[in-house]
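Dear colleague,

Please find below the structure that I am handing over to you. My notes on what was found in it follow directly after.

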Amino acid sequence: MTDYSEIFAQRAHQYHAAMQRYPQARDGEFLALLEDLPAGARDLLDVPSGGGYLNAYLDATRALTACDFSTGFAGSSIPLGQPEALPFADAAFDAVLSLTGLHHVSLERQAAFFAECHRLLRPSGHLLIGEVLAGSPVAAFLNDFVHRHNSQGHVGVFFDVEFPPRLAAAGFEVTAMTVRHYPWCFEDEAAMVFYCRNMFGIDRGSDAEILAGLRDYLDYRIEGDGRIALPWQLVFFQAVKR
Ligand SMILES: C[S@@+](CC[C@H](N)C(=O)[O-])C[C@H]1O[C@@H](n2cnc3c(N)ncnc32)[C@H](O)[C@@H]1O
């Protein structure tokens, strides 16, 4: 079985380079996750956080703690945690947010992660998850195109209506499951290729092949001003601690 712990340790720096060079490319995605965040939720945990990118979208009324499962992202300001052992006290947070970090975690470890989220949340605290929707164009792009053009492959287990019962089993009431569509935005095709190559570790394709893959799987648009809109979507789950 593919060891994503090792893979992320090796290529976190590339992912981070993509996020740092084009920090606004995924604005729509982070904002889509935050749509489900209650106004009163102050103490927030983002896990797995990657490089802590969510913080840029929060105002001073919120206090965000980041945590990642990988040594590639963890460091002085981002503690290392494991899905089944997060290094925080009971009832420390009003909300836990998790963006595209669970599709490489086994179902057994996900169950342990949800138990940890339950432990960390205050009564009626919120768990917000944004993940790849099974059967979507994004799912096909990742598990087909990226799988063939990344020498380590891409095997993600994606999310659908079978997921809410797994959250319920961990003591959550699932209050919403919403598919949101938004573009990833780039100044030109070269920026989009750089970003996707580094974010997804595409080491087996030329720039032209990556462009063709993005066109074929996701049908990106070139706007009148030359900017690129890459159609993206995730499914967002909102759950409350019972
Ligand atoms: C696609 S990135 C998402 C990061 C961040 N939430 C974002 O939206 O940019 C996936 C994250 O999950 C973590 N991760 C997922 N599965 C993992 C595994 N099996 N072992 C180690 N880390 C894992 C990685 O460290 C990485 O930070």
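**Strand pairing around strand 3**

In this predicted model, L44 stands opposite A95 in strand 3. That pair belongs to the contact between strand 1 (residues 43-46) and strand 3, which run parallel and are joined by three bridges. The next residue to note is L45, which stands opposite V96 in strand 3 and also opposite T65 in strand 2. Strand 1 is thus a partner of strand 2 (residues 63-66) as well: four bridges join the two, and they run parallel.

Strand 3 (residues 93-99) has a further partner in strand 4 (residues 121-131); six bridges join them, again in parallel. Within this pairing, S98 has I129 of strand 4 as its bridge partner. Between the two strands the chain passes through helix 3 (residues 107-120), and this β-α-β crossover is right-handed. As for exposure, strand 3 is mostly covered, with seven of its seven residues buried. As a general point on such elements, side chains in a regular strand alternate between the two faces of the sheet.

**The protein as a whole**

The protein has seven helices and seven strands. Read from the N terminus, the elements follow the order α-α-β-β-β-α-β-α-α-β-α-α-β-β. The radius of gyration is 17 Å, close to the 18 Å that the globule rule gives for 242 residues, so the protein is as compact as a globular protein of that length. Along the principal axes, the C-alpha atoms fill a box of roughly 50 × 40 × 35 Å.

Of the 242 residues, 38% count as buried. Among contacts between residues at least 6 apart in sequence, 73% join residues at least 24 apart.

**The loop between strand 3 and helix 3**

Two residues of this loop deserve separate mention. L102 is found in the loop between strand 3 and helix 3. Is L102 buried or exposed? L102 has 26 other C-beta atoms within 10 Å, and a residue counts as buried from 20 or more, so L102 is buried. Leaving aside neighbours within four places in sequence, L102 is in contact with Q110, I129 and E131. The C-alpha atoms of L102 and G130 are separated by 9.2 Å, although the two residues are 28 residues apart along the chain.

T100 lies in the loop between strand 3 and helix 3 too. T100 is not a glycine, yet its phi is positive, at about 45 degrees. With 19 C-beta neighbours inside 10 Å, T100 counts as partly exposed.

**Further backbone features**

Most residues other than glycine have a negative phi, and most peptide bonds are trans. Against that background, the following places may be worth your inspection.

- S124, in strand 4, is a residue other than glycine with a positive phi, near 60 degrees. S124 is exposed, with 11 other C-beta atoms within 10 Å.
- V47 and P48 are joined by a cis peptide bond, with omega at about -10 degrees. P48 has its place in the loop between strand 1 and strand 2.
- G201, just after helix 6, takes a positive phi of about 60 degrees.

**Helix 6**

Which residues of helix 6 (residues 189-199) are buried? They are M192, V193, Y195, C196, N198 and M199. These buried residues pack against helix 1, strand 5 (172-186), helix 7 (207-218) and strand 7 (228-241).

**The surroundings of the ligand**

Of the 16 residues around the ligand, Y4, G50, F69, S70 and G101 come nearest. By class, the shell has eight nonpolar, seven polar and one charged residues. Which element gives the largest share of this shell? The answer is helix 1 (residues 4-21), from which three residues come. Helix 1 is also one of the elements against which the buried residues of helix 6 pack.

With kind regards

Note on methods:
Residues are numbered from 1 along each chain as its sequence is written. This is a predicted model: local features need pLDDT of at least 70, side-chain atom pairs count only at pLDDT 80 or more; totals for chains, interfaces and linings use all residues. A residue is near a molecule or strand if its C-beta atom, placed from the backbone, lies within 6 Å of it. Ala, Val, Leu, Ile, Met, Phe, Trp, Tyr, Cys and Pro count as nonpolar, Asp, Glu, Lys and Arg as charged, and the others, Gly among them, as polar. The radius of gyration is taken over C-alpha atoms; the globule rule is 2.2 Å times the number of residues to the power 0.38. A residue is buried if 20 or more other C-beta atoms lie within 10 Å of its own, exposed if 12 or fewer, and partly exposed in between; C-beta atoms are placed from the backbone. Two residues are in contact if their C-beta atoms, placed from the backbone, lie within 7 Å. Two strands pair if DSSP finds at least two bridges between them. A crossover is right-handed if, with the strands pointing away from the viewer, the path from the first strand over the helix to the second runs clockwise.
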